[in-house]
Amino acid sequence: MYGVGGRSLGREFGWLWAACGVSTVGTMLAFDAFPMIAIVVLHAGPAAVSALAAAGLAAGAVIAVPLGPWVEFRRKRPVMIATDLIRFAAVISVPAAFALGRLGFAQLVVVSVVVCAADIAFRAASGACLKAVVPPEGLLTANGRFESTAWTATMVGPPLGGLAIALFGPVTTVTADAVSYLLSALGIRAIGREESAPPARPHPRTTFRRDDLLEGWRHILGHPTLRPLFFNTVLVNGLIMATVPPLASLMLGPLGFALWQYGLAFGAPCIGGLIGARLSRRLVARHGQHRVMMATGVLRACWVLGLVLVRPGVVGLVLVATVELGLITSCGIFNPVFSTYRLEQTGTDRVARTLSAWTVTGKAATAAMTGLWGALAGLAGPRAAIATAGVLMLATPLLLPRHARVPRQQERETAPSGV
């Protein structure tokens, strides 16, 4: 029942895992689909491609700010199903408009905004749902399985997506992504057993109060170890994502890589994420949760700078794949350990607000950095933008917590409830 030693975490977790897995596969099949459509179909330049990514994240994050309290005080599975259906409707509009010859840059931006906001709500609800269907001692195993699935999908999705685009056209993978949200909704529906009642609203006569909106950030910033982890993960993820448009423009433009080569360079190294996720529980059992977070938090900061050296041909392809392998393996270990620790340190009555606040901040920061790095790439070139991100990454370990102890009073306040 615990998932320890490979045992099952139960039927409910199985359906949750399957639902999230199928939507992850769809998303990774459509990896960078919107930037590629913007470049190939709409002939957008590097600045416009970066603006597309930044605008969708920023606007979606702003719209999602009140979603944390809204999700917190509702049953989580209906929220997850609704957000899946919203994402399906938004994404399927892109191939529909393309077929009618009416696809434009503005539509890509609008769809990006809707998908971003719905994704934040889904993540907040799914985290609370996971904590409800898996006992505390099974959380690391469950998060490891989610992480393994994510990296497996990332490994096979981009190459297959690139091949599908080459064979069937630029919106093929977007269509597959839309269908995956429908399948995800069916998986959530199949969980079956009636969901327990959500936490009672402290102010039932109002839609939401400022305290509800800020509770997630208040919990994060008031926690002695979640606070540094918050700043570290937001900055690291933002810097990694900010390098994607400049690197894509460099590889697909002046360096002359084909789409399938670009997909292979990012897909093959994801085997490291799969290996890392499967090792995470063993490493924690042997070395302890905090030590593993610290070590892998430092290791994942050491790789991005190497992307500056990318060059045409096989040598450049191997370089990118090697750098990505090191980065992804480190993240594959760090992410499930960190995700488990965050859930352990967050009470069941504030999980959705905490995860929503974390995701909103992360997406807003990624949007800001993506836009800034796009402007930097336009002014100084893609290599300068990548180098700047790589140097800043080297400083991110300074934000990692030096200890994992929590004051006793806070332990009592934030200890997870048993299921």
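The following exchange explains how terms are applied to this predicted model.

Me: What kind of model is this, and how are its residues numbered?
Reply: It is a predicted model in which local features need pLDDT of at least 70 and side-chain atom pairs count only at pLDDT 80 or more, while totals for chains, interfaces and linings use all residues. Residues are numbered from 1 along each chain as its sequence is written, and side-chain values use heavy atoms, with hydrogens and water left out.

Me: How many helices and strands does the chain have?
Reply: The chain has 18 helices and 0 strands. Both are DSSP runs numbered from the N terminus: a helix is H or I with at least four residues, and a strand is E with at least two.

Me: Why is arginine 123 called partly exposed?
Reply: The term depends on relative accessible area: buried means under 20%, exposed over 50%, and partly exposed in between (1.4 Å probe, protein chains only). Arginine 123 has a relative accessibility of 44%, and therefore counts as partly exposed. Aspartate 119, by contrast, is at 14% and so counts as buried. In the chain of 419 residues, buried residues make up 52%.

Me: What makes arginine 123 and aspartate 119 a salt bridge?
Reply: A salt bridge requires a side-chain nitrogen of Lys or Arg within 4 Å of a carboxyl oxygen of Asp or Glu. For arginine 123 and aspartate 119 the N to O distance is 2.8 Å, so the definition is met. Both residues lie in helix H6 (residues 105-133), 4 residues apart, which is about one turn of the helix.

Me: How do you know that arginine 218 and glutamate 215 form a salt bridge?
Reply: Their closest N and O atoms are 3.0 Å apart. The two residues are 3 residues apart in helix H9 (residues 210-222), so about one helical turn separates them. Arginine 218, at 42% relative accessibility, counts as partly exposed, whereas glutamate 215, with a relative accessible area of 15%, is buried. Elsewhere, salt bridges that share partners join Asp84, Arg87, Asp119, Arg123 and Lys363 into one network.

Me: Why can the salt bridge between glutamate 72 and arginine 353 be said to tie together parts that are apart in sequence?
Reply: The closest N and O atoms of glutamate 72 and arginine 353 are 3.1 Å apart. Glutamate 72 belongs to helix H4 (residues 67-72) and arginine 353 to helix H16 (residues 351-380), so the pair ties together parts that are 281 residues apart in sequence. Both residues are buried. In the whole structure, the search finds 8 salt bridges.

Me: How do you know that cysteine 129 is in no disulfide?
Reply: A disulfide is a pair of cysteine sulfur atoms within 2.5 Å. The search of the whole structure finds 0 disulfides. For cysteine 129, the nearest cysteine sulfur is that of cysteine 20, 8.0 Å away. Cysteine 129 is at 4% relative accessibility and so counts as buried, while cysteine 302, at 46%, counts as partly exposed.

Me: What makes a space in the structure a cavity?
Reply: On a 1 Å grid over the protein atoms alone, a cavity is a set of points where a 1.4 Å probe fits but cannot get out, and lining residues have an atom within 4 Å of a point. Grid points are joined across faces, edges and corners, and a volume is the space filled by probe spheres set on the points. The structure holds 4 cavities of 30 Å³ or more, and the second largest has about 70 Å³ of space. Of the 13 residues that line the second largest cavity, the closest to its centre are Phe31, Met36, Pro158, Gly161 and Gly162. H7 supplies the largest share of this lining, 4 residues.

Me: With which residues is methionine 251 in contact, leaving aside its neighbours within four places in sequence?
Reply: Contact means heavy atoms within 4.5 Å. On that basis, methionine 251 is in contact with Gly256, Phe257, Tyr262, Ala265, Phe266 and Val320, leaving aside neighbours within four places in sequence. Methionine 251 lies in helix H11 (residues 244-252), and its relative accessible area of 0% is why it is called buried.

Definitions and conventions:
1 Å grid on protein atoms, 1.4 Å probe; cavity = no way out; pocket = protein on both sides within 12 Å on 5 of 7 lines; lining within 4 Å.
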